[in-house]
Structures are given as C-alpha cells and as structure tokens.
Amino acid sequence: MKFLVLNGVNLNMTGTREKGVYGAETLDEINADLKAFCRANGHEVDFYQSNLEGELCAQIQQSTGVYDGIVLNAGAFTHYSYAIRDAIAAVTTPVVEVHLSNVFAREAFRRTDVLTEVCRGEILGFGKLGYKLALESFWL
C-alpha cells in the first residue's frame, strides 16, 4: 500500500514551536520515523507539508488512484478550511485526521473542526504516535 502524510500550516515549525504542546522532534525526524515504520510493514509513504491552503487541496485532489490513504494534520486549517473539507469530500481516497495535541483540551476555538465529518476517523493527543496509529488503521 502507498500513503501520503500531509501536514499543514505551521507544522514545519514542529520541534521548535511550543515544544510542550507539539514535542521536541522536528517534522523531518517524525517523517523519517514514519518512513521506517511503513517500510518495516511493507508499505510506501510520501510526505508533503505546506503553509498554503490551496497546495494542500491540490495534494488531496491528486491522490485518487495514487494513494491508498492520506494521514492529514491540517494544523489551524482544521478549524475553518472549507476548501480542504471540500477537497476531501471530492475524492475517494480515505483520510484520517491527526493532531499532535488534544485540541479539545486546549483553547475553545480549537474545538471547532470542519474536517472530521468527511474523514474516515480522527486521532488526537498522542503526539507523533497518532501518525502511526492513523497509518495502521489503513492496513489493519
């Protein structure tokens, strides 16, 4: 199987930004761990990160027939991006939403999630382990 791990706005700052919330590992370190995890389980994985909403939409739109699933951490776009929501709804590629922190235990504005309704599932609050759990959900 082949997967896309798609990270949104500000996730390029993981490892330097609010380490108590997002952890001390960089996104590149997390991705390297996920690549080894997929390889060990006989799967392929690609990675993409952007701070631009339209670029994330384009990646989702181009996923059909290429990927068996998408693991998406949209960052703050989670709370208001109807464009990303509509892109997910428009494709047949299943999407599992991931958040490093438990957004429901944080600021009130983070409790709004416009993506969940069109995602296969949601994993939050387990740090980088959430990405692995999301990937496993596709092959278990």
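Helices (at least four residues) and strands (at least two) are taken as DSSP runs, and both are numbered from the N terminus. With these names in hand, the predicted model can be walked through piece by piece.

A good place to start is N10, which sits in the loop between β1 and α1. Its backbone has an unusual feature, and a general rule helps in recognising it. Most residues other than glycine have a negative phi. In N10, however, phi is near 70°, a positive value in a residue other than glycine. N10 is partly exposed, with a relative accessible area of 33%. A second loop residue, V66, has its place between α3 and β3 (69–73). V66 is also described as partly exposed, because its relative accessible area of 39% falls between the 20% limit for buried and the 50% limit for exposed. Although V66 and M1 are 65 residues apart along the chain, their C-alpha atoms are separated by 9.8 Å.

The next topic is the packing of helices. Two packed helices are described by the angle between their axes and the distance between the axes. For helix α3 (residues 53–61) and helix α4 (residues 82–90), the axes come within 9 Å and cross at roughly 5°. Angles under 35 degrees count as roughly parallel, so α3 is roughly parallel to α4. On the α3 side, the residues that take part are E53, L56, C57, I60 and Q61, and they meet A83, I84, A87 and I88 of α4. Sorted by character, the residues of this α3–α4 contact comprise seven nonpolar, one polar and one charged.

Which residues of α4 are buried? They are I84, R85, A87 and I88. Around the helix axis these residues span an arc of only 160°, which means that they lie on the same side of α4. The partners against which they pack are α3, β3 and β4 (95–99). On the face of α4 turned away from this buried side, the exposed residues Y82 and A90 are found.

Helix α3 also holds Q59. Is Q59 buried or exposed? With a relative accessible area of 18%, Q59 is buried, because the limit for that word is under 20%. Once neighbours within four places in sequence are set aside, the contacts of Q59 are with L4, L6 and Y48.

Helix α5 (129–139) has its own buried residues, namely G130, Y131, A134, L135, F138 and W139. The elements that cover them include strands β1 (2–7), β3, β4 and β5 as well as helix α2.

Charged side chains add another layer to the picture. The structure holds five salt bridges, and one of them joins the side chains of E25 and K128, with N to O at 2.9 Å. E25 belongs to the loop between α1 (19–22) and α2 (27–40), while K128 belongs to the loop between β5 (121–124) and α5, so this pair ties together parts that are 103 residues apart in sequence. E25 is partly exposed, with a relative accessible area of 30%. K128 is partly exposed too, at 28%.

K128 also forms a salt bridge with D33, where the closest N and O atoms are 3.2 Å apart. Because D33 lies in helix α2 and K128 in the loop between β5 and α5, this pair ties together parts that are 95 residues apart in sequence. Like its partner, D33 is partly exposed, with a relative accessible area of 23%.

D33 meets K132 as well, in a salt bridge of 3.1 Å from N to O. Here, too, distant parts of the chain are linked: D33 is in helix α2 and K132 in helix α5, 99 residues apart. Which residues are linked in a network of salt bridges? Following the pairs from one to the next leads to E25, D33, K128 and K132, which are linked in such a network.

Technical notes. Residues numbered from 1 in each chain as written. Predicted model: local features only at pLDDT ≥ 70, side-chain atom pairs only at ≥ 80, totals over all residues. Heavy atoms only, no water. Axes fitted to C-alpha atoms, helices over the stretch in contact; angles between N-to-C directions. Parallel < 35°, antiparallel > 145°, perpendicular 65-115°, else oblique. Contact = heavy atoms within 4.5 Å. Nonpolar A, V, L, I, M, F, W, Y, C, P; charged D, E, K, R; others polar. Salt bridge = Lys/Arg side-chain N within 4 Å of Asp/Glu carboxyl O. Buried < 20%, exposed > 50% of the residue type's maximum accessible area, 1.4 Å probe, protein only. Arc of directions from axis to C-beta.
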